[in-house]
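Welcome! Let us take a friendly walk through this structure, one link and one strand at a time.

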Amino acid sequence: GSTLEISYLQAGDAGSYVCTAINSVGRALASAVLKLTKVITPLRLRVEVSPQFLDVTAPMAASFRCQVLRGGPVKSITWSKLNGDMPGKSRDTGDGTLEIPETNCETNGVYVCTVETESGQEQQAAASLSVSAAAVVVVTPVEAIAVVGSPVCMYARWKLRVDRSNRQQQASPSVPPPL
């Protein structure tokens, strides 16, 4: 005999099934009706984002991966930015990965992965992106002409943008000891 096996029974599998047998003598039909009497609750959805915390220096790239650890089948995985718009160059690869090819102070923030299953379950997981700006050092003068044995002074000042709070810190010019 032949057997019909439905591995993961779903509500849409309910209905009439017909088995047809044909041989040299003739043809026979048999039908059966499948009724679902008890709905088993699917496993509670569990989602994870990695890394959960990412520190980069602008303009480095950043990437997050959203994975379903339990539950499913998955209907959709989408990314959003908490309290803001997604960066213009960001890309959702379709497999749960968010890629940000170039970071800056505006890409700082919390990114949320939302997973929805075929059964209607939804869960979110979040990841934090912290973007720092590199320090900029300016040395003046760029060239110094001096007599051998005499002292020379060159000044350096630096600026550092603090992106997290939209404040700017600036050091005053410092004078190194004469060379």
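A good place to start is the link of cysteine 66 and cysteine 113, which is left-handed, with -75° about the S-S bond. This link is a disulfide, meaning a pair of cysteine sulfur atoms within 2.5 Å, and here the two sulfur atoms lie 1.8 Å apart. The pair links distant parts of the chain: cysteine 66 belongs to strand S5 (residues 62-70) and cysteine 113 to strand S9, with their positions 47 residues apart in the count, that is, 47 residues apart. Strands here are DSSP runs of E with at least two residues, numbered from the N terminus. By the sulfur rule the count comes to one disulfide.

Before going further, please keep in mind that this is a predicted model, in which local features need pLDDT of at least 70 and side-chain atom pairs count only at pLDDT 80 or more, while totals for chains, interfaces and linings use all residues. Residues are numbered from 1 along each chain as its sequence is written, and side-chain values use heavy atoms, with hydrogens and water left out.

Are the two linked cysteines buried or exposed? Both cysteine 66 and cysteine 113 are buried, where buried means under 20% relative accessible area, exposed over 50%, and partly exposed in between (1.4 Å probe, protein chains only). Cysteine 19 counts as partly exposed because its relative accessibility is 49%. Cysteine 105, at 37%, is therefore partly exposed too.

Now follow strand S9 (residues 109-117) to its partner S10: eight bridges join them, and they run antiparallel. Two strands pair if DSSP finds at least two bridges between them. Within this pairing, valine 112 stands opposite alanine 126 in S10. S9 and S10 form a hairpin with four residues between them, and glycine 120 in the turn has a positive phi of about 95°. S10 (residues 122-132) also runs parallel to strand S4 (residues 53-57), joined to S4 by five bridges. There, leucine 54 has leucine 129 in S10 as its bridge partner.

Leucine 129 leads us on to the largest nonpolar core, a set of 18 residues in which Val49, Phe64, Trp79 and Leu129 touch the most other members. Such a core consists of buried Ala, Val, Leu, Ile, Met, Phe, Trp, Tyr and Cys residues joined through side-chain atoms within 4.5 Å. The largest share of this core, four residues, comes from S10. Leaving aside neighbours within four places in sequence, leucine 129 is in contact (heavy atoms within 4.5 Å) with residues including Leu54, Phe64, Ile100 and Tyr111.
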